[in-house]
Amino acid sequence: MAIKVIHVEGGLGNQMACYAVYVAVKESNPNDEFYIDTYLYDVKEAHATISMWNGYELEKVFGVKIPDIRSLFSEEQVAEQIEYLRKSEFWKHNWNYTEAFIEMMKKYNLDLKNAFGEIGESSSGIKSKIKNFVKSIITESTDSAFIYKGKRVAYALYKKVSKDCGEHLYERKEGNYFYNITLDFMKSKFLQDKVGDKVRAGLQFNTPKDEDNLKYLQLVQTTESVSIHIRRSDYLQFNEDCYKFGYFPKCISYIKTKVVAPVFFIFSDDLKWCENNISEIGLSRNDKVYFVGINSGDSSFRDMQIMANCKHNIATKSSFGWWGSFLNPNPNKITITQVSDYVSTKQF
């Protein structure tokens, strides 16, 4: 029986994208054995943002149970493997984690192929380098509205000529394969049509027990609620265009033309900034606004749960915010995101 290993890293939003990969690959390879790889959470020096998150959360938050590849090895071997990855310093070599992981597994008699290498998507592949170069230009800071609009057009053209990125995840692969992290599910209408319902079914929140979260859930379910997810901190460089060219006011204006008596719920990793810059978000004292700041640390996922229960969603570039809108079951929802990699209903 062949083995498929799905790499998991990052915060909850990225982990959910990895889960979507698992669902897609498992559906097209139903007779294989599946494992996840969570080693990166033990190599925190690889990147500063790794330390920001709460470790592997899929099981704790959603009850997802997928065997970890570590279960095939002894505690001593796992410790050796973590040290091997640490000494490889893959983060200094174009983040070649895939290559390091595959070479490491060979030492323990597990021969894996790079699932993305065959389509030119490995971290060191030419296609990947071109893609990253295009993105570096698009995300480069600018104070010019003209250049900003030009970047938007360039990105739209790039997306148009790119093949749907999800098809390669939904194919039969004979043999043992390693799948590194990819947000392809979030970009792929093909995958969302194929396995979107199964992904949603596997990512169901349990009911909170505390009064604060229960109060907010009732509130968003009984009003014309609109979540606004504003990611700043480590991702500010990618979202700064939102603050320069009126993204939020445009979103609010659009919502007000479509929704009667909207109630806005703001979620952010910098809620203080939001409270002090309400006009920049496009809101005024006449608007009904809630700043949701009741969750942090291990309970942060409850923010996503509240967002998913809102009637409509606005978000900056962020997998956390994207999943909040994707899990929203409202058939008439309005989803607005900044132009990004992610599939959305409405973009500005």
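Helix axes here are lines fitted to C-alpha atoms over the stretch in contact, and the angle between two of them runs from 0 to 180 degrees between N-to-C directions. With that in hand, here are some close-ups of a predicted model.

**Figure 1. The whole protein, before we zoom in, has 15 helices and ten strands.** Out of 348 residues, 51% count as buried. Take the contacts between residues at least 6 apart in sequence: 71% of them join residues at least 24 apart. The views that follow pick out a few helix pairs and a few loop residues.

**Figure 2. Helix α1 covers residues 12–28.** This helix has 17 residues and reaches 25 Å from its first C-alpha to its last, which is close to the 24 Å expected at 1.5 Å a residue. Is α1 mostly covered or mostly open? It's mostly covered, with 14 of its 17 residues buried.

**Figure 3. Helix α1 meets helix α15 at an angle of about 60°.** In this pairing the two axes are 7 Å apart. Angles from 65 to 115 degrees count as roughly perpendicular and those under 35 as roughly parallel, so α1 and α15 end up as oblique to each other. The crossing of α1 past α15 is left-handed. On the α1 side, the contact is made by Leu-12, Gly-13, Asn-14, Met-16, Ala-17 and Ala-20, while α15 brings Ser-319, Phe-320 and Trp-323. Sorted by class, that contact of α1 with α15 has six nonpolar residues, three polar ones and no charged ones.

**Figure 4. Helix α8 (residues 189–202) also packs with α15, and here the axes cross at roughly 85°.** These two axes come within 12 Å. How are α8 and α15 oriented to each other? With that crossing angle, α8 is roughly perpendicular to α15. From α8, the residues in the contact are Gln-192, Gly-196, Val-199 and Arg-200; from α15, they are Trp-322, Trp-323 and Phe-326. By class, the contact of α8 with α15 has four nonpolar, two polar and one charged residues. Look out for Trp-323 of α15, which is listed in this contact and in the one with α1.

**Figure 5. Helix α9 (residues 211–221) runs alongside helix α14 (residues 301–308), with axes crossing at roughly 20°.** Their axes come within 9 Å, and the angle makes α9 roughly parallel to α14. This time the crossing is right-handed. Asn-213, Tyr-216, Leu-217 and Val-220 of α9 make the contact with Arg-302, Gln-305 and Ile-306 of α14. In this contact of α9 with α14 there are four nonpolar, two polar and one charged residues.

**Figure 6. Leu-327 sits in the loop between α15 and β9.** Is Leu-327 buried or exposed? It's buried, because its relative accessible area is 12% and the cut-off for buried is under 20%. Setting aside neighbours within four places in sequence, Leu-327 is in contact with Met-16, Arg-200, Leu-203, Phe-205, Met-304 and Ala-308. One of these partners, Phe-205, is 122 residues away along the chain, and its C-alpha atom is separated from that of Leu-327 by 10.0 Å. Two other partners have come up already: Met-16 belongs to the α1 side of the contact with α15, and Arg-200 to the α8 side.

**Figure 7. Asn-328 is in the loop between α15 (319–326) and β9 (335–337).** With 4% relative accessibility, Asn-328 counts as buried. Which residues does Asn-328 touch, leaving aside neighbours within four places in sequence? They are Ala-308, Cys-310, Lys-311, His-312, Asn-313 and Lys-333. Ala-308 is also listed among the contacts of Leu-327.

**Figure 8. Asn-94 has a positive phi of about 60°, although it is not a glycine.** You'll find Asn-94 in the loop between α3 (75–88) and α4 (97–106). Its relative accessibility is 45%, so Asn-94 counts as partly exposed.

**Figure 9. Ala-261 is another non-glycine residue with a positive phi, this one about 55°.** Ala-261 lies in the loop between α12 (247–258) and β6 (262–268). Is Ala-261 buried or exposed? At 58% relative accessibility, Ala-261 counts as exposed, because anything over 50% is given that label.

Terms used:
Residues are numbered from 1 along each chain as its sequence is written. This is a predicted model: local features need pLDDT of at least 70, side-chain atom pairs count only at pLDDT 80 or more; totals for chains, interfaces and linings use all residues. Side-chain values use heavy atoms; hydrogens and water are left out. Helices (H or I, at least four residues) and strands (E, at least two) are DSSP runs, numbered from the N terminus. The expected span of a helix is 1.5 Å times one less than its number of residues. Buried means under 20% relative accessible area, exposed over 50%, partly exposed in between (1.4 Å probe, protein chains only). Contact means heavy atoms within 4.5 Å. Angles under 35 degrees count as roughly parallel, over 145 as roughly antiparallel, 65 to 115 as roughly perpendicular and the rest as oblique. A crossing is left-handed if the near helix is turned anticlockwise from the far one by less than a right angle, and right-handed if clockwise. Ala, Val, Leu, Ile, Met, Phe, Trp, Tyr, Cys and Pro count as nonpolar, Asp, Glu, Lys and Arg as charged, and the others, Gly among them, as polar.
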